[in-house]
Amino acid sequence: MPTTTTDRLLHSATRIPDTVADARRLFDSGATRPLAARVRSLHALRAMVTENEAAFEAALWSDLHKGRAEAQLTEISVVLAEINHTLRRLRGWARPKRGPVPLALWPARARLVSEPLGVVLVISAWNYPVQVLLAPLAGVLAAGNTAVLKPSELAPATSELMTRLVPRYFPDGVVRVVEGGVPETTELLAQKLDHIVFTGSGTVGRVVMRAAAEHLTPVTLELGGKSPVWFDDDARLHRAARRLAWAKFTNAGQTCVAPDYVMTTPDRVPALVAALRAAIKDLWGPDPRTGPDYGRIVNERQYDRLVGLLDGADVVIGGEHDRSERYLAPTVVTVPVGAGRPSLGPDAAHPVLREEIFGPILPIVPVASAEEAVEVVNAWDKPLALYVFTSSGRTRRLFERNTSSGAVVHDAGLVHVATTGLPFGGVGASGMGAYHGTYSWRTFSHLKPVLNKPLGPDTLRLAQPPFTDLGLRLVKRLMRHG
Ligand code: NAD
C-alpha cells in the first residue's frame, strides 16, 4: 500500500484508467441497480461519516482552521441531512410513475422509469471539502451509479482521509477515490464518464466542459461569482448586520455563496459600518485571531491575493493580517467607484469589484436606490446567490422579479444551501444544473419513458397508408387534441 503523499499520488495517477474501467465494470454487472444495494451504499456512506466525525473535524481544522461547531454545521450535518432525506424518500422516487397517453394513441400504457447513468465523477473544491464531495455522492449512489471522487488537493488532510476511508466503507468499489491536482484531473477527464459534477471556479469549469464535450458527457457545474447583498432595513439594523457578518465571515469568507459585496444608500453607510463592527465583535470577539471559531486562508497564494486586494481600498473595519498564520481579520472596505466606471465587473475601478473575493473582505458599494442596485446586479454575470435585507415587501419583489440568480434569500445568507430538498445550483456564469434531494435524483438518473402499445385493437392503422379521408380526418383531430 502507498504510504506517503507522493506515493499515493503516483499510485493513483498510474491507475486512473483502471479505476474508471473497474467502476464501469461494476456498474455494468448490475450490482448497483437494485434498491437494496442503493440503500446499502447510503448506509455505508452514513456510517463512514458518523463513525469518523472526529477525524473529519480534525482534517477540516488542519486544512482550514475550521472550528468544531462550524465543521458540524456547515459540512458534516449538511451531508448527513442529505443522506437521511434521501433514504426517507428513495423508495418513492424509484417507483415507476405512470405517464400520460394522448387520446390518439389509445389504447396504450406509459410509464416513466428512472435508470442510473453509469460512472459519475465528482470533482470537489477545497473550501467545503467534505460537503461538496459527499453531498452530491448521496444522490449519485441513490440513483444507482458508481462514483469516482476527486477531492481537492488544496485540502490535503481531507483528501487523505477520504482516500483512507472510502475503500474501508466501500470494499465493493462502488465508490473510488483518485487524489491529485491538475494532471490527475486532466487524466480523469480524458476517460469516458457518464456524468461529471464539478464544484469550483468558472475558469476550470470551462476546462471540464470542454473535456466532457469529447465524450458528450453531461455536466453539472457548481461555480461561484460575486453574490450581492442589498441592505436597506432600518428597523432591524443590528440583527440584519449580524446575519450579514456571519454569512460573510464564516470560513473566513471562503464560501461560494458568501455575500461578496453589500450595496446600500450613501446615507446608511456609517450606520451599517457601526452595526457590522459590533456584529463582528459579538461573533468572533475583540481579536478573532485568538478565538476558536475564526478560520484561516487556505494557502499563501490565496492569502497574498486577498491582502493585495486591500491596496487602494479604505479599510473601515479589520484589515489586520499575518502571513505566518494566513490570518486575515474580518475586514470591511469602501472603495472609490471612479467617475464614469461601472460599479462592478471587469472595468470597475478597483480589483475588489472585478473578481470574486472569496475571502474575508466585504466592500460596501453605495448606490442611490434599490432600483440602482438592481441595475448593478444585472450589469454583470448572474450571481450564485442574492441576499436582500429589507422590511419592505415591495423591495423584495423588486429583486425577485428583476434579477436572475441561483437563489434569493431574504433577511439571511447561506441558509438555502442547508435547506435540504431545495435545488442548489447556479444560473449563467454561476453554474449549470442543480442537486440536493430530489434534484440530485433527477440529475443522476435518466428518466426513461416506456410505452406499451398493444397489437390489438390495431388503431395505428389509421395513421398508416393507404390513407382514407375519413381516417386521416379522425387521426388529425385526435392528434391535435394533445
Ligand atoms: P478550482 O476550480 O481551482 O478547483 C476545483 C477542482 O478542479 C479541484 O479539485 C482541482 O484539483 C481541479 N482543477 C484545478 N485546475 C484544474 C485544471 N486546469 N484542469 C482540471 N482540473 C483542475 O476551484 P477552487 O479554488 O477549489 O474553489 C473555488 C471556487 O469554487 C470559487 O469560485 C467558489 O465560488 C467555487 N465553489 C462553488 C461551490 C458551489 O457549490 N457552487 C462550492 C464551493 C466552491
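**Entry 1, the ligand's oxygen atoms.** I began at Ser201, where an N or O atom of the side chain lies 2.6 Å from an oxygen atom of the ligand; I kept in mind throughout that this is a predicted model. I then turned to Glu153, and there too I read 2.6 Å between an N or O atom of the side chain and an oxygen atom of the ligand. For Glu356, I noted a polar side-chain atom at 2.7 Å from an oxygen atom of the ligand. Looking next at how far the ligand is enclosed, I found that the protein covers 88% of the 840 Å² of accessible area that the ligand has on its own.

**Entry 2, the shell.** I looked up which residues surround the ligand and found 25 of them, with Ser124, Glu153, Ser201, Leu223 and Glu356 listed as the closest. Sorting the shell by class, I recorded 13 nonpolar residues, eight polar ones and four charged ones. I also checked which elements contribute, and noted that at least two shell residues come from each of helix H8 (182-190), strand E6 (195-199) and helix H9 (202-214).

**Entry 3, Gln302.** I moved on to Gln302, which I located in helix H12, a helix spanning residues 300-309. Is Gln302 buried or exposed? I entered Gln302 as buried, because its relative accessibility is 15% and the cut-off for buried is under 20%. Its side chain makes a polar contact, at 2.9 Å, with the side chain of Arg305. Setting aside neighbours within four places in sequence, I found Gln302 in contact with Trp126 and Ile297.

Technical notes. Residues are numbered from 1 along each chain as its sequence is written. This is a predicted model: local features need pLDDT of at least 70, side-chain atom pairs count only at pLDDT 80 or more; totals for chains, interfaces and linings use all residues. Side-chain values use heavy atoms; hydrogens and water are left out. A residue is near a molecule or strand if one of its heavy atoms lies within 4 Å of it. A polar contact is a pair of N or O atoms within 3.5 Å; within protein, one must be able to donate a hydrogen and the other to accept it, and residues adjacent in sequence count only if both atoms are side-chain atoms. Accessible areas come from the Shrake-Rupley method with a 1.4 Å probe; for residues, only the protein chains shown count as cover. Helices (H or I, at least four residues) and strands (E, at least two) are DSSP runs, numbered from the N terminus. Ala, Val, Leu, Ile, Met, Phe, Trp, Tyr, Cys and Pro count as nonpolar, Asp, Glu, Lys and Arg as charged, and the others, Gly among them, as polar. Buried means under 20% relative accessible area, exposed over 50%, partly exposed in between (1.4 Å probe, protein chains only). Contact means heavy atoms within 4.5 Å.
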